[in-house]
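Reader: I am in my first year and would like to learn how the words used for a protein structure are justified. Could we go through one together, with the reasons spelled out?

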Amino acid sequence: MHHTGYFDWAATAPADDDIIQESAGIARDFFANPSSVHAEGIKAKNKLTEARIKAAAVLGVKPETLYFTSGGTEADHIPLLSLLLRPAPATILISAIEHPAVREQAYALKNCGWHIKTVNPDKSGIVTPDAVEAVLTDDTVLVCIMAVNNETGAVQPVTDISRILSDTAAKKKKRRPKLHVDCVQAAGKIPFCLATPGIDSAAFSAHKIGGPRGTGLLYLAHRSEPFLRGGGQEQGIRSGTENLAGAWALARCLERYYIPANPAGIPVDTQSLAYKRFLQRHSETTRFLSQLQTIPGCHIIPENRVNQNSDTNELYDKYSPWIVQASFEQIPGEVMVRALSERGFFISTGSACSVRKIQRPILEAMGIPKNQAETSVRFSFGAETTTEELQALLAALKEVTGLFSK
């Protein structure tokens with residue numbers, strides 16, 4: 001089923017029909033509890049193991065380093081919460097552009113005596129290794145840097161940041177802080193290497209790449225003690241009866257969309273359908289950006305995104321082609337979302353806003369002026385997004401901006 005006019009794929013991707021059907025069949029046929037020792041339970045457990053092996057093969061890691069969770073948020077929480085088992089609080093360093101799953105949980109730990117330090121991005125929305133190094137403290141035990149920002153699409157230099165953490169620790173003869181990477185907007189979107197040296201933990205979500213909501217994956221390079229306890233499922237890291245159908249769907253989505261790369265971000269298989277999809281989206285988005293700029297009062301955020309060298313290698317290092325952030329003078333983001341929705345086009349303001357006040361912490365951290373942040377919206381694309389739909393969206397944007405300029 002094609003979802004015409006849908007440009008909010010970063011919030012959730014429409015589910016891949018065949019994968020949802022297949023996982024529904026798994027839920028029906030492997031109904032027993034994977035922890036049960038009878039034949040039906042063992043059958044379910046074996047299927048769960050198969051899903052884990054599938055996911056590990058795609059991600060290029062060992063199956064025992066993967067833990068199925070209830071989503072990206074829980075996968076972000078587990079490494080943070082495990083810190084509460086330490087005898088004394090220390091410092092957690094998070095980027096100022098993290099998803100609320102990391103940002104809000106880190107601030108909750110602040111109430112438990114933890115020191116939270118934030119590192120700001122530059123005006124391009126990128127957190128530089130130098131910026132991380134500048135705020136690192138001797139007692140920093142965890143650093144959280146997302147792989148791709150969910151509002152601007154800015155790709156973070158995770159490999160270089162990891163290297164800085166190791167170098168600084170070696171210089172000071174201190175223990176290296178752990179690095180947690182939220183990969184929710186990177187998996188299946190850009191070439192990515194999970195086995196990058198220095199990534200200690202990473203979070204993934206199924207519903208961003210055609211799977212069901214409520215299922216995710218946590219990668220732990222080295223096992224840690226879980227703060228939350230229960231029946232001991234998922235090797236004790238994530239208790240609770242496993243969502244076998246969800247785990248299976250996530251593994252299948254990774255097989256279909258994940259773009260394996262080496263630590264430098266160079267794709268492993270340039271002939272794969274997933275990589276070809278990425279290249280096509282790259283050229284489509286480059287064209288969309290240049291057309292968007294011709295609309296009076298439109299500003300791309302960050303503005304230097306469009307001044308980049310258009311050489312593919314240069315650009316794909318910096319921004320995900322699946323996300324575009326732009327502001328429209330005099331039109332509040334919420335108004336633009338509603339105006340387009342009435343015309344059958346679905347976008348977002350790029351963050352969940354409270355009714356009382358619209359806050360854009362990510363844009364604020366980038367130094368985007370308040371009036372521009374309030375008039376900004378996010379367009380996000382998927383494998384199904386067509387050139388014709390993008391043209392129709394541009395026409396609708398011209399119509400809406402025309403109404404407001406009168």
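Author: Let us begin with a term: a crossing is left-handed if the near helix is turned anticlockwise from the far one by less than a right angle, and right-handed if clockwise. Please keep in mind that this is a predicted model. In that sense of the term, helix 1 passes helix 7 in a right-handed crossing.

Reader: What makes helix 1 roughly antiparallel to helix 7?

Author: Helix 1 and helix 7 pack with an angle of about 150° between them, and their axes lie 8 Å apart. Angles over 145 degrees count as roughly antiparallel, and therefore helix 1 is called roughly antiparallel to helix 7. On the side of helix 1, the contact is made by Asp 18, Ile 19, Glu 22, Ser 23, Ile 26 and Ala 27, while helix 7 brings residues including Leu 244, Ala 245, Trp 248 and Ala 249. Sorted by class, the residues of this contact between helix 1 and helix 7 are 8 nonpolar, 1 polar and 4 charged.

Reader: Why is Ser 23 called buried or exposed, whichever applies?

Author: Ser 23, which is found in helix 1, has a relative accessibility of 6%. Buried means under 20%, so Ser 23 counts as buried. Leaving aside neighbours within four places in sequence, Ser 23 is in contact with Ala 245 and Ala 249.

Reader: How do you know whether helix 2 is roughly parallel or roughly antiparallel to helix 7?

Author: Here the angle is about 25°, with the axes of helix 2 (residues 39-59) and helix 7 set 9 Å apart. Because angles under 35 degrees count as roughly parallel, helix 2 is described as roughly parallel to helix 7. The crossing of these two, helix 2 and helix 7, is left-handed. Among the residues that meet are Ala 44, Lys 47 and Leu 48 in helix 2, and Leu 244, Ala 247 and Trp 248 in helix 7. By class, the contact of helix 2 with helix 7 has 11 nonpolar, no polar and 5 charged residues.

Reader: What makes helix 10 and helix 13 oblique to each other?

Author: Helix 10 (residues 333-342) and helix 13 (residues 387-405) pack at an angle of about 120°, and their axes are 10 Å apart. Roughly parallel is under 35 degrees, roughly antiparallel over 145, and roughly perpendicular from 65 to 115, with the rest counted as oblique. An angle of about 120° fits none of the three named ranges, and helix 10 and helix 13 are therefore oblique to each other. The crossing in which helix 10 passes helix 13 is right-handed. From helix 10, Val 335, Met 336, Ala 339 and Leu 340 meet residues of helix 13, including Leu 393, Ala 396 and Phe 404. This contact of helix 10 with helix 13 has 9 nonpolar, 1 polar and no charged residues.

Reader: Which residues have the most contacts inside the largest nonpolar core?

Author: That core has 88 residues, and those with the most contacts inside it are Leu 194, Phe 204, Leu 292, Phe 328, Leu 340 and Phe 379. Helix 7 gives the most to this core, with 9 residues. A second, separate core of 13 residues includes Leu 80, Leu 83, Val 102 and Trp 114. As for Leu 292, it touches, among others, Cys 298, Ile 300, Phe 328 and Phe 379, not counting residues up to four places away in sequence.

Reader: Why is Arg 287 called partly exposed, and how do you know that Thr 152 and Pro 226 are buried?

Author: Arg 287, whose place is in helix 8 (residues 273-292), has a relative accessibility of 39%. Buried is under 20% and exposed over 50%, with partly exposed in between, so Arg 287 counts as partly exposed. Thr 152 is found in the loop between strand 4 (140-144) and helix 6 (158-172), and because its relative accessibility is 0%, Thr 152 counts as buried. Pro 226, found in the loop between strand 7 (216-220) and helix 7, is likewise buried, with a relative accessible area of 5%. Leaving aside neighbours within four places in sequence, Pro 226 is in contact with Leu 85, Gly 236 and Ile 237.

Notes:
Residues numbered from 1 in each chain as written. Predicted model: local features only at pLDDT ≥ 70, side-chain atom pairs only at ≥ 80, totals over all residues. Heavy atoms only, no water. Axes fitted to C-alpha atoms, helices over the stretch in contact; angles between N-to-C directions. Helix = DSSP H or I, 4+ residues; strand = E, 2+ residues; numbered from the N terminus. Contact = heavy atoms within 4.5 Å. Nonpolar A, V, L, I, M, F, W, Y, C, P; charged D, E, K, R; others polar. Core = buried A, V, L, I, M, F, W, Y, C linked by side-chain atoms within 4.5 Å. Buried < 20%, exposed > 50% of the residue type's maximum accessible area, 1.4 Å probe, protein only.
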